[in-house]
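Visitor: I am new to this structure and would like a close look at a single part of it. Could you choose one place, stay with it, and then lead me outward to what lies around it?

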Amino acid sequence: MFAMRRLKTQSVRLVSTTTTLQAASSTVSIPEDASLKKRRTRPFKTRRPNISLEQPRDWKRPLAHGVLPAFDEALKFIKADSEALKVEMQNVQVSLRAAEHAPEQDSVAIRQMEAKLSYLEIQSKINFPEVQWKCANGMANMSKAVDRHIIEQRWRKEGALDLLMERVHQMHVVPDAVPDFHPSFDLRVSFPEHQTKVVSTVPKYKFVEPGIYLLPEQTIDPPRLHKDVFHTDERLYTLIMIDPDVPDEANNTYQSFLHWLQPNIPLSATSPSLISNINSHTKYIPPHPQKGTPYHRYTVLLLPQKSQIDVPVVEMDQRLGFPVREFMAKYNLDGSIGGGAHMWRGEWNPAVSRIYQDLLKTGEPVYGKPPKPDRYADVRGKNRYFL
């Protein structure tokens, strides 16, 4: 059905092609040092300048006047809408002052007018391109209500909060570590990037995605904690970092280890984004997942306080088996009404042995699966054919 034919060998063509290339290469003169020269690759300079609160930039129109009439009309409409909302704000302010000075104050009506006034203030500025551009480029002024609203909505609706809650519930941090938790502000954690070579430069810190794996050598030093808080008044928080996955041999279960504790941290929307002075109470102990155990879930919590609390320093011998739930109940720390949270995972590697030796100064435990019982131990080694 199919016609079979023998293919001709192409060795002659290959030889002739090779000889042609050799002949061509022998006739072309190549400078001796041309092959020794290395191509110099110049790093491309970024087109976008560094923009931050320390290096601010002004918003510039993407199009000049008259280039796109629709764009010009849109800006005019946004400005006219803003002016109309400001007029409405003035009317609400007059009504609010009248309600506050009334002989019989209506607290419900006053709260409604205050909420409406805050809403109108945000809506009168939120549609301007320069406001959105500054918030998107790290120049948000958290003392302004509109900037706080934009940053909070981005955190809640663009995936950061969803990813955190997905990892917290998917990896059972809730309820293994804490009974319940509902974050009210954005807490970000940064650690140094992993470097395969020993370098003398200052390590570059990088934000940690919730739930990823970090090496023990990356977490030797305390992390940097960054926050985006959305309340203008100053409130107190307690920092707790725990590991709920330390084996408890006596009870054949797991127990918590307290890595870090710092109460009475004042936070507000206008305080610096980088949280400082958080390692003066119960000092930070780096993660040290035990050999032979599954991955450990290192959880950082910022729990809201109702008032200033007096917490004694937790000694080293009291960190293992730290009762997290009892501690939260004793000092009225309720994560279900707000706060911040973050978590990552870690596994054993040889760097953990150095942490036990140099920092903890204790012997390193090693765990593993229990040996299977030998059902033939009684008859093993005996002659099975003679009594």
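Guide: Let us begin at one pair of residues, where M241 has V300 in β6 as its bridge partner. Before going on, please keep in mind that this is a predicted model, and that what follows describes that model. The pair belongs to a wider contact between two strands, for β4 and β6 run antiparallel and are joined by 6 bridges. As a general matter, the strands of a sheet pair through backbone hydrogen bonds, in either a parallel or an antiparallel way.

Both strands sit within an open sheet of 4 strands, whose order is β5-β4-β6-β7 and whose pairing is antiparallel. At its edges are β5, covering 253-267, and β7, covering 340-346, each of which pairs on one side only. From one strand to the next, the twist of this sheet averages 15°.

Strand β4, which takes in residues 235-248, is mostly covered, since 12 of its 14 residues are buried. Toward the edge strand β5, β4 pairs in the antiparallel sense over 11 bridges, and among the residues that face each other there, P247 stands opposite Y254 in β5. These two strands also form a hairpin with 4 residues between them, in which N252 takes a positive phi near 55°.

On the other side of the sheet's order we come to strand β6, residues 296-304, which pairs with β7 in the antiparallel sense over 7 bridges. One of the places where this can be followed is L302, whose bridge partner in β7 is G340.

Within β6, the residue that deserves the longest pause is Y298. Is Y298 buried or exposed? Its relative accessible area is 1%, and because buried means under 20%, Y298 counts as buried. The surroundings of Y298 can be listed by name: leaving aside residues up to four places away in sequence, Y298 touches M241, I242 and D243, then H259, then P287, H288 and P289, and finally H342, M343, W344, R345 and G346. M241, with which we began, therefore appears again among these contacts, since heavy atoms within 4.5 Å count as a contact. Along the sequence Y298 and M241 are 57 residues apart, while in space their C-alpha atoms are 7.0 Å apart.

For context, it helps to look at another sheet in the model, an open one of 3 strands with the order β2-β1-β3 and antiparallel pairing. Its edge strands are β2 (205-207) and β3 (224-228), and each of these pairs on one side only. Here the twist averages 30° from one strand to the next. Strand β1, residues 186-192, runs antiparallel to β3 and is joined to it by 5 bridges, and D186 stands opposite D228 in β3.

That residue D228 leads on to the largest pocket, where L53, G138, R188, D228 and S273 lie nearest the centre among the 27 residues of the lining. The pocket has a volume of about 810 Å³. At least two residues of its lining come from each of α5 (145-157), β1 and β3, and by kind the lining residues divide into 13 nonpolar, 7 polar and 7 charged.

Key. Residues are numbered from 1 along each chain as its sequence is written. This is a predicted model: local features need pLDDT of at least 70, side-chain atom pairs count only at pLDDT 80 or more; totals for chains, interfaces and linings use all residues. Side-chain values use heavy atoms; hydrogens and water are left out. Two strands pair if DSSP finds at least two bridges between them. Axes are lines fitted to C-alpha atoms, for helices over the stretch in contact, and angles run from 0 to 180 degrees between N-to-C directions. On a 1 Å grid over the protein atoms alone, a cavity is a set of points where a 1.4 Å probe fits but cannot get out, and a pocket is an open set with protein on both sides within 12 Å along at least five of seven lines; lining residues have an atom within 4 Å of a point. Grid points are joined across faces, edges and corners, and a volume is the space filled by probe spheres set on the points. Ala, Val, Leu, Ile, Met, Phe, Trp, Tyr, Cys and Pro count as nonpolar, Asp, Glu, Lys and Arg as charged, and the others, Gly among them, as polar. Buried means under 20% relative accessible area, exposed over 50%, partly exposed in between (1.4 Å probe, protein chains only).
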